Each structure stands twice: as C-alpha cells, then as structure tokens.
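This briefing goes through a structure with a bench reader in mind, moving from the overall layout to individual residues. Please keep the sequence and the 3D view at hand while reading.

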Amino acid sequence: MKQITKFIIFSIFASLIIFQFNNVNAKETVFTATEIIDINETTQITVSMAAPLTWEINTGINISVSIKLSQIAQNDSLFITYIKTEYNIPGKQFPENQQISIIEDNLTYIGEEFNINQTRYAPENTDEFNITLSILAQTVNMTNTEEFSMDFPGKDEDNIIIKKNLVIPVINLPGFPNIETFSRWIIIFIVIQLIIMSPAILVLYFKISKQKTRSRSQRKKKRRGENE
Amino acid sequence: MSKTETKQQSPLERGVRKIDVLMRSFGMRTRMFKGKTRGIVKGTRKVYPHEVNATIVETARGVGIKIKMEKLWYSFLKGIPFLFLIILSLIQLITPKIGDNMAENVGFNLFALFLGIETKSIGLLITLFIIGGIFIVSEITERTIRLRYLQDRMPRFLSGAEWTTADSPLLLDIISSINNILWIAYLILVIVFAPFSFSSEIIEKFVTVYQTSLANLLEGTMFVSLLDVSIISSMLFTILLLNYKSFREEIDSKQRASRVKVDYATTQLLEVVFGSITLITFEIVLFSFMFWTDLTLIQIIMTYCVTVSSSILSVWLYWQKENYIFIFLEIWLFLSIVVMVFSNANNPKFSWMIICHLFLILTVLGLYFNQFIKSYLEEKGIYEPSWMFNSFPIFAIIEVLKKAKVRTTKGVEKELEEIRTEELTEKIKERSPLIIPLKKITNKGKDAKKIINTYQKIIDRITKKDVNIITLSVINEEILALIQDEEKLRKKVQNLFQIIDHLLWDESYILKDGSKYVEIAEQLYSAILKVR
C-alpha cells in the first residue's frame with residue numbers, strides 16, 4: 001500500500017507541474033483607435049476611442065472617448081449634442097444596444113478637447129462584435145445637424161472578442177461530443193480497441209475451447225461409467 | 001528416452017537427437033527425418049514461421065552438420081503494417097482530393113484517420129521505408145545470429161561441441177520491442193485524433209459543443225497526446241525489454257549466476273532508458289509527419305524528459321511488481337482528467353482529451369489483459385516475449401486454426417544435461433593424442449602406409465605438438481589455406497583428406513587406386529616444403 005500512495009503523490013505533482021507550463025494567459029491591453037473627421041470645409045475634429053479588445057461577459061468595460069478640435073474657422077464654434085454607441089454583430093442586419101449620452105458642449109478654439117468615460121457591457125449570444133461611435137455635431141454656420149461616425153476597433157483590425165465563462169464556472173466540462181461525432185468515433189474506438197486487445201482475445205479463445213473439450217471428455221467418461 | 005536406449009544409439013541418431021534438443025531449447029518445434037547415412041532436423045519457431053534446417057551427415061570421422069535458414073521471406077511479414085500505410089499515403093499523394101471527397105460522401109476521411117490531418121506525404125513515405133527497413137533487417141540479423149549460435153554450438157564434428165553462452169545483441173531485442181510498442185502508440189493516436197478526420201460539417205458541430213476554435217482544440221489534444229504516448233510507450237517498453245532479458249537468462253543460467261546484483265540493476269536501468277529514448281525518437285520522427293505536425297522544440301525536450309523520468313520510474317515499479325506499471329498508467333490517466341478539468345476553466349482546449357482519457361482507461365485495461373498471452377504461451381512451452389503487446393498476432397491465429405500439436409520444451413533442460421555428461425566422456429577421448437594404428441591401416445590397401453607416412457611428414461611441418469581429432473581438422477584447413485593459389489592441387493588434396501579420414505577411422509574401408517593418392521600426397525609435400 002505504501003508504494004501505491006507514493007506514486008499517487010508523485011503523479012499528482014508531476015501532472016500539476018506539467019499542466020502549469022501549458023497554461024499561460026496573455027494580459028489584456030487597451031487598444032486606441034483614432035480617426036480624423038471633417039465636419040465641413042473649415043472644421044475638423046480628431047476622435048479617439050480606447051477600450052480593450054477582449055471583453056468579459058457580465059463585466060462592466062470602461063470605454064473612453066476624446067474629441068479634439070483640430071481645425072476651425074475664426075468666430076466659429078462646434079456644438080456637440082450627443083455621442084452614440086452601437087454594437088455591430090456579424091451575421092445580424094441591424095446594429096444593437098444603442099446607447100446615447102447627451103453632452104451639449106461647445107468647442108471653440110483649436111486644441112480644445114472633450115473627454116468622456118463610460119461603462120459598457122458585452123452583448124450576449126455572440127463571440128465577437130465591433131462598435132460604431134456616432135457623434136451629432138454642428139457648427140454655428142451650419143444650418144442642419146448631421147451625425148458623424150467611426151468604427152471601433154476599425155476596419156483593418158479584428159473584431160472585439162468576448163471571453164465567456166471566466167468568472168462563473170469553475171469547471172468547464174461540456175461533456176460528450178455531439179451525436180454525429182460520437183457515434184462515428186465510438187465505432188472507430190471499438191475496432192481499434194479490438195485490434196489492441198487481439199492477443200487477449202486469442203487467449204480467451206484458447207481457454208474457452210480447452211474448457212469445451214475438457215467438459216466433453218468428462219461427459220464421455222461419465223457415460224462410460226453409467227454403462228458399466 | 002531412457003538411458004539404456006541412448007547407449008545403443010548410432011552416432012547419427014545421437015547427433016539428430018542432440019540437434020533436436022538444442023532446437024527445442026531455442027523454442028522451436030522440430031520434425032526429424034532419418035536415413036541410413038543422413039538425417040535432417042527441421043526446426044520451426046512455434047507460433048511464428050521461422051524455419052531452420054539442419055542436415056546431419058555421417059562421415060568416416062564422425063557426424064558432420066550443416067545448418068541452413070529457410071523461408072527467409074517470412075521476415076518481410078513484419079512490413080505488412082508499413083506497406084498498408086505506404087499504399088495509403090501513395091494514393092493520397094497521387095490524388096490529393098480523394099480524402100475530402102470521401103469525407104463529404106461517407107462522413108469520415110479514411111486518409112486523415114490513418115495518416116493524420118496535415119500529412120506530409122513525401123516525408124512520411126521516406127520515414128516509413130526507413131523504419132520498416134530497420135525492423136526487417138534487424139529481424140533477419142537476429143535469425144542469422146541465432147543460426148550462427150546453433151552452428152557454433154555444433155562444430156563440424158558433433159562430439160566436439162562447445163557449449164558457449166547465447167547472448168543475442170541488446171540492440172536487436174530493443175528494436176524488436178520497439179516494433180510492438182510503436183504500433184500500439186500509433187493505434188492510440190488514431191483513437192485520439194479520429195474526430196478531426198470527420199467531414200467539416202461534423203467538425204464544426206463538434207467544435208461548437210466545446211465553445212472553442214478547432215486550432216485551439218487541436219493544440220490541447222496534441223499536447224496531451226504527446227504526454228500520453230511518451231508515458232504509455234516507455235512504461236510498456238520497460239515490461240517488454242525486461243521480459244526479454246529474463247528470457248535470455250533462462251537460456252543461460254550460467255550468465256545469471258555470474259552477475260552481481262547491484263551492478264546488474266544499474267545496467268538494467270541504463271538499458272531501459274536507452275531503449276525508451278530510441279523508441280520515442282522513432283515515434284517523434286514517424287508521427288511528426290502524421291499527427292504531431294507542428295511540434296515545437298520545447299515540446300520535444302519535454303517529451304524526452306517525460307520519457308526518461310517515466311522509464312526510470314517504470315523500472316523501479318517493475319522491480320516491485322510487474323502489474324504496478326498498469327496501476328500507475330490508470331492513475332495517470334485518471335488524475336490527468338482531474339487536472340485537465342480544472343485547467344479547462346480558463347481555456348477549453350482539453351475538452352476532447354478529457355472524454356478521450358475516459359476511454360483510454362479501457363485501452364490500458366486491454367493492454368493489461370494482453371499480458372496473459374505470455375503466460376499462456378509459457379504453459380505451452382513457448383518462451384517468446386515478442387508476443388507481448390503484439391497488435392497483429394497473425395501467426396498465432398493461423399496456429400490456432402491449424403490446431404497443430406506443439407511439442408513442449410519442458411523436458412529440454414534434463415535432456416541437455418544428459419547430453420552434457422555424455423559429451424564429457426567423449427571429449428576426453430577426443431582431446432587425447434592421436435595414436436595411429438599402422439597395422440590396421442596396412443590391411444586396408446597396398447599404398448595405405450605410404451599415404452599416411454607422407455601425411456605425417458606434412459603435419460610435422462605444420463605443428464610440433466601432439467595431434468588429436470579436433471586439431472587435425474584445423475590443420476587440414478590450414479594446409480588448404482597454404483596452397484590457395486594452386487586450384488588444381490587444392491581439389492585433389494580435398495579428395496586426399498577424405499581418403500585419409502577413411503584410412504584413419506573407417507574400419508571396413510578398402511583403398512583403391514592407392515598409387516594415385518601417393519602421388520598427390522607427395523605433390524602436396526613438395527608444395528608445403530616451398531612455403532614452410
């Protein structure tokens with residue numbers, strides 16, 4: 001018994017050490033997307049939005065938006081009414097989770113900046129998505145209001161990935177594979193198991209056939225005894 | 001056979017019996033054919049069609065023996081599984097789309113199942129040829145060496161047999177064990193990677209169940225399968241090689257007695273470690289073309305470390321009790337499931353291997369039952385470890401179907417002992433100096449005395465020591481070597497030696513054409529004078 005407990009302990013340590021090596025998580029960093037938007041011929045703003053590219057579900061994610069006035073005509077000012085975020089989920093026609101934050105702020109001189117931090121939650125029922133940020137802005141000279149938008153993380157970048165089940169389950173064991181896979185696999189498994197076990201099956205065959213002949217001869221002996 | 005019978009046996013019969021006993025001690029089944037001056041003993045290795053043919057001929061001087069290997073092509077049967085894979089990969093190389101078409105129609109890709117998902121066909125073909133070649137060549141070498149041992153134990157004149165120890169080279173045992181374990185590892189890998197060979201629709205569903213990507217799942221599966229193969233194969237290898245070693249020692253009890261316990265233990269350990277490293281090298285080379293297509297250097301180093309440590313552990317377990325190794329394997333599979341379940345919480349890449357390990361526990365149980373074939377064959381008198389963990393026991397099946405009766409080797413030890421004591425008395429006779437009965441020889445013919453006298457002069461030129469039966473045959477060979485350049489004379493001299501043998505030992509012989517042989521003898525003497 002002592003030896004058995006010894007190698008139970010040994011195998012626990014060995015497997016723990018081995019699996020530790022293989023389990024390194026990359027740390028999440030915040031990604032910043034910047035875009036220059038022309039409001040009209042004389043007015044230009046630089047919008048940058050920062051958020052991590054991997055979101056955890058059911059956890060508030062901090063996104064920060066900054067709008068900087070980079071060009072404007074004299075005696076003119078830019079009025080921002082609101083900013084709006086929408087989630088674009090691949091495979092769905094319309095954007096979801098529209099959220100509007102009313103700002104109503106004026107930017108008058110070049111270099112003036114407006115910052116806002118907000119909390120958002122990841123959409124459910126999807127693995128990835130991207131965000132469209134829309135700004136409703138208007139200069140004094142303009143007669144009509146217009147919405148200007150940018151994409152986060154941007155057209156050249158991958159979508160935001162949603163990391164699920166990090167907090168809630170301790171054990172992630174979805175169980176047996178789907179029926180199609182499992183039914184095919186179990187046949188392959190049984191065939192190969194039979195091939196591997198063929199020496200054992202052979203011995204079993206030997207033993208059974210030997211027992212049969214033995215019982216036959218015993219029966220014959222019994223009959224002879226009865227006849228005598 | 002009782003002792004009174006053996007005393008009445010003629011030299012030919014005794015020779016036939018001796019070679020029969022020897023062959024049976026090597027685990028062969030024998031058949032004997034006896035004639036007046038010639039006997040043939042055919043030895044077949046039980047449950048494996050190796051045939052050795054020994055022809056025993058009665059000559060004037062004693063009984064001569066010649067051993068021949070038969071049915072060499074049987075050695076090539078070891079290449080059948082290799083041939084199967086070679087044919088599959090050739091088909092895949094010629095028509096690369098056949099696998100995908102098959103997956104769409106039937107549901108699984110036969111080529112991906114047996115050759116891996118991302119097969120490197122050309123590399124695989126070359127490796128298969130090389131490894132298959134190594135196995136076949138080593139098999140033939142082992143047979144040749146075995147034959148040499150038989151022949152060496154039976155020099156040309158039987159009564160002078162030397163009982164040297166039979167120690168087959170370790171490397172051949174290692175390669176033979178590798179052949180068995182390599183295929184078990186291959187079959188386990190086929191089980192593990194089978195779901196990835198199904199059609200893409202099925203794989204998609206399979207992957208969604210585990211909420212991860214295919215690449216991620218493959219990565220985890222490959223990592224765990226590396227560990228599995230290195231641990232399982234090195235542990236099974238230990239059992240097989242150490243069984244070989246104890247088998248070899250059974251043949252030679254002398255060898256076992258001469259070894260010191262501690263020293264023996266370390267050599268055993270080193271041999272097993274060396275063997276498992278060779279095995280894992282074979283496996284990494286072969287399977288990196290099939291299943292483990294993107295191995296990293298760190299993973300290779302890890303595999304070697306795991307192999308070395310698990311083979312050391314397995315030798316220690318084997319010394320305690322052979323079956324502890326199987327208990328350890330089951331514990332490893334079970335505990336790895338537990339560890340994988342917890343590490344799966346962050347990244348579901350081990351999901352498939354958790355299920356797979358549940359079933360591999362059954363496979364290890366099957367491997368444990370496979371051991372019984374060894375004890376069963378031993379009951380039948382077949383001491384052959386190469387049957388352990390052999391996944392393709394074709395010949396055993398054939399043997400069962402044929403229902404051939406097997407002559408057991410159980411009594412062999414006793415018979416060998418009998419022959420040994422018999423020999424001792426004969427050896428003394430042989431080693432004593434030869435006294436030529438000249439009177440008897442002169443009765444055999446007119447020129448008989450002349451021939452023998454010249455022969456004696458020639459021998460005096462070669463050696464000054466006393467001559468006996470054994471040294472005489474060596475001297476004859478030396479003489480033939482001295483006149484190697486003169487082809488015609490050499491042939492004549494060979495005839496002369498036969499005549500001399502008859503004159504010396506054959507009592508009923510009468511010499512004809514005596515003057516011709518006197519001439520040859522004198523020619524030979526003058527030729528020898530030139531050299532010595």
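In what order do the elements of chain A run from the N terminus on? They run α-β-β-β-β-β-β-β-β-β-β-α-α, and there are three helices and 10 strands in the chain. The model is a predicted one, and the points below take up chain A as a whole before turning to aromatic pairs, a surface patch and single residues of chain B.

**Chain A as a whole**

- Chain A has 228 residues, of which 38% count as buried.
- Among the contacts in chain A with a separation of 6 or more, 62% are accounted for by residues 24 or more positions apart.
- The area that chain A exposes is about 14400 Å², and carbon and sulfur atoms supply 53% of that area.

**Aromatic pairs and a charge over a ring**

- Over all chains, the structure holds 31 aromatic pairs; one of them is formed by A:Trp185 and A:Phe189, which are stacked with 5.3 Å from centre to centre and 25° between the planes.
- A:Trp185 and A:Phe189 are four residues apart in helix H2 (residues 179-196) of chain A, and they are therefore separated by about one helical turn.
- Both A:Trp185 and A:Phe189 are buried.
- In chain B, the rings of B:Phe82 and B:Phe135 have their centres 5.7 Å apart, and because their planes lie at 50° the pair counts as tilted, the tilted class covering planes that are neither under 30 degrees nor over 60 degrees apart.
- Since B:Phe82 lies in helix H3 of chain B and B:Phe135 in helix H6 of chain B, this pair ties together parts that are 53 residues apart in sequence.
- B:Phe82 is buried with a relative accessible area of 3%, and B:Phe135 also counts as buried, at 1% relative accessibility.
- Elsewhere in chain B, the charged end of B:Lys457 sits over the ring of B:Tyr525, at 5.0 Å from the ring's centre.

**A nonpolar patch on the surface of chain B**

- B:Leu90, B:Leu93, B:Ile94, B:Ile122, B:Ile126, B:Ile130 and B:Ile134 form a nonpolar patch on the surface, and together they have about 660 Å² of accessible area.
- Helix H3 (80-94) and helix H6 (121-153) of chain B are the elements that give two or more residues to this patch, and the largest share, four residues, comes from H6(B).
- B:Ile122, one of the patch residues, has its place in helix H6 of chain B.
- B:Ile122 counts as exposed because its relative accessibility is 56%, and exposed means over 50%.

**Two further residues of chain B**

- B:Ser310 lies in helix H12 (residues 297-320) of chain B, and it counts as buried because its relative accessibility is 6%, where buried means under 20%.
- When its neighbours within four places in sequence are left aside, B:Ser310 is in contact with B:Ser230, B:Ile231, B:Ser234 and B:Met235.
- B:Lys491 has its place in helix H21 (residues 487-505) of chain B, and at 58% relative accessibility B:Lys491 counts as exposed.
- B:Lys491 and B:Leu480 are 11 residues apart along the chain, and their C-alpha atoms are separated by 9.3 Å.

Notes. Residues numbered from 1 in each chain as written. Chains lettered and ligands numbered in written order. Predicted model: local features only at pLDDT ≥ 70, side-chain atom pairs only at ≥ 80, totals over all residues. Heavy atoms only, no water. Patch = residues over 30% accessible without salt bridge, like charges linked within 9 Å, V, L, I, M, F, W, Y side chains within 5 Å. Areas by Shrake-Rupley, 256 points an atom, 1.4 Å probe, with all protein chains shown as cover. Salt bridge = Lys/Arg side-chain N within 4 Å of Asp/Glu carboxyl O. Buried < 20%, exposed > 50% of the residue type's maximum accessible area, 1.4 Å probe, protein only. Phe/Tyr/Trp six-rings, centres within 6.5 Å; stacked < 30°, edge-to-face > 60°. Lys NZ or Arg CZ within 6 Å of the ring centre and 35° of its normal. Contact = heavy atoms within 4.5 Å.
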